[in-house]
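Welcome to a short tour of charged side chains. Open your viewer, show the side chains as sticks, and follow along one stop at a time.

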Amino acid sequence: MSIVKSTTENILKAAEIIRAGGTVAFPTETVYGLGADGLNPISVAKIFEIKKRPTFNPLILHIDDKSKLELICETDNNKIQILIEKFWPGPLTLVLPKKKIVPEIVTADNPTVAVRMPNNQIALELIKRSGVPIAAPSANLFNRLSPTKAEHVYNQLGDNVDLILDGGSAEIGVESTIVEIENEEIILLRPGGITKEEIENLLKCKIQHKQKTTDPNSPGQLPFHYSPRTPLKFLSESYLKDIKNKKIGGIFFSKQSVEFNFSRIEILSKENNFREAAANLFSALHILDEANLDLILVEPLPEEGLGLAMMDRLKKAAANFS
Ligand code: TXA
Ligand code: MG
């Protein structure tokens, strides 16, 4: 089994694997990433192979220091500096015009590249020791649930990854927020760990949420994605009346809100707290997906703050079974 503790020695070993062109799964504050040398197209190709991900879906480059941003993309925009100052290191990915040094396979031939600086000491140390930006998608198979624990990575990718660094449970639990900056306009491409409201308050402007549903360049933005193997639907009481002799799992925000004999339930946050719920979301989905159920029913959440990112993931999971 290639899961190891994130000791200094193992981080150095992992960095050596990255430098030698291999792959390492590592923790970030959002979800675990499947990393490779982001400037080496052959190493990056291994990521697509392991994930069984189509190569038209571009990757995020991870850097360990704000000053590295200008090596890989154009940064001459005032809003970028404000966003970076406030949210990096953290769950915000910026899509910016790429520089030549970034291989086409990373950006799926787009003229832009996605970049972020994660807020996780293990990830930062790994990138620093590797000496290159690390290209990393979430460390799951294409279209499946994102991993928030090292075991989730191993269960999906097994020994195809050279090394899995175990850094415990991901703190945030949903992927980074992705924004594209075009001249003066900020477009939200994927809701995530930094809320739309936080960005709007900082920049004192409204940002648009653009779902490029027909653009295959960003499957994270397609209507289906992030899916368990067990069918998943949103909970409605009328629907429960017709269900007989089926093993049903329930996911609730703070308490079981309907009367029904569920085979198993998961509560996302007994404290009624969005941060805690986001941190538990994928983990709850993984648990129910392993529980041999016929169906998972999820209570819809309010689409504000982190609720927007959680509902985005859940709607995409449900869309696979509609
Ligand atoms: O929190 C995260 O962002 C995690 C951790 C590991 O950092 N990474 C992650 O990567 O979620 P991934 O590959 O699962 O999702 C990245 C999303 C994809 O939907 C991809 O299409 C989009 O970012 N993306 C990457 N480059 C892009 C670009 N140049 N333009 C538009 N979208 C882009
Ligand atoms: Mg992903």
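Which kind of contact do the side chains of Glu-175 and Arg-313 make? Select both residues: their side chains meet in a salt bridge, with 2.8 Å from N to O. Keep in mind that you are looking at a predicted model.

Now trace the backbone away from each partner. Glu-175 sits in the loop between β8 (163-166) and β9 (177-182), while Arg-313 belongs to helix α11 (residues 306-319), so this pair ties together parts that are 138 residues apart in sequence. Switch on the surface, too: Glu-175 and Arg-313 are both buried.

Stay with helix α11 and select Lys-316 and Asp-312, which both lie in this helix, 4 residues apart, or about one turn. Their side chains form another salt bridge, at 2.9 Å from N to O. Are these two buried or exposed? Lys-316 has 5% relative accessibility and counts as buried; Asp-312, at 7%, counts as buried as well. Next, show Glu-175, Asp-312, Arg-313 and Lys-316 together: salt bridges that share partners join these residues into one network.

For the next stop, select Lys-206 and Glu-200. A salt bridge links their side chains, at 3.7 Å from N to O. Colour this pair by accessibility and compare the two ends. Lys-206 is exposed, with a relative accessible area of 71%, whereas Glu-200 counts as buried at 10%.

Finally, zoom out. How many salt bridges does a search of the whole structure find? The search finds 15, and the pairs on this tour are among them.

Notes:
Residues are numbered from 1 along each chain as its sequence is written. Chains are lettered from A and ligands numbered from 1 in the order in which they are written. This is a predicted model: local features need pLDDT of at least 70, side-chain atom pairs count only at pLDDT 80 or more; totals for chains, interfaces and linings use all residues. Side-chain values use heavy atoms; hydrogens and water are left out. A salt bridge is a side-chain nitrogen of Lys or Arg within 4 Å of a carboxyl oxygen of Asp or Glu. Helices (H or I, at least four residues) and strands (E, at least two) are DSSP runs, numbered from the N terminus. Buried means under 20% relative accessible area, exposed over 50%, partly exposed in between (1.4 Å probe, protein chains only).
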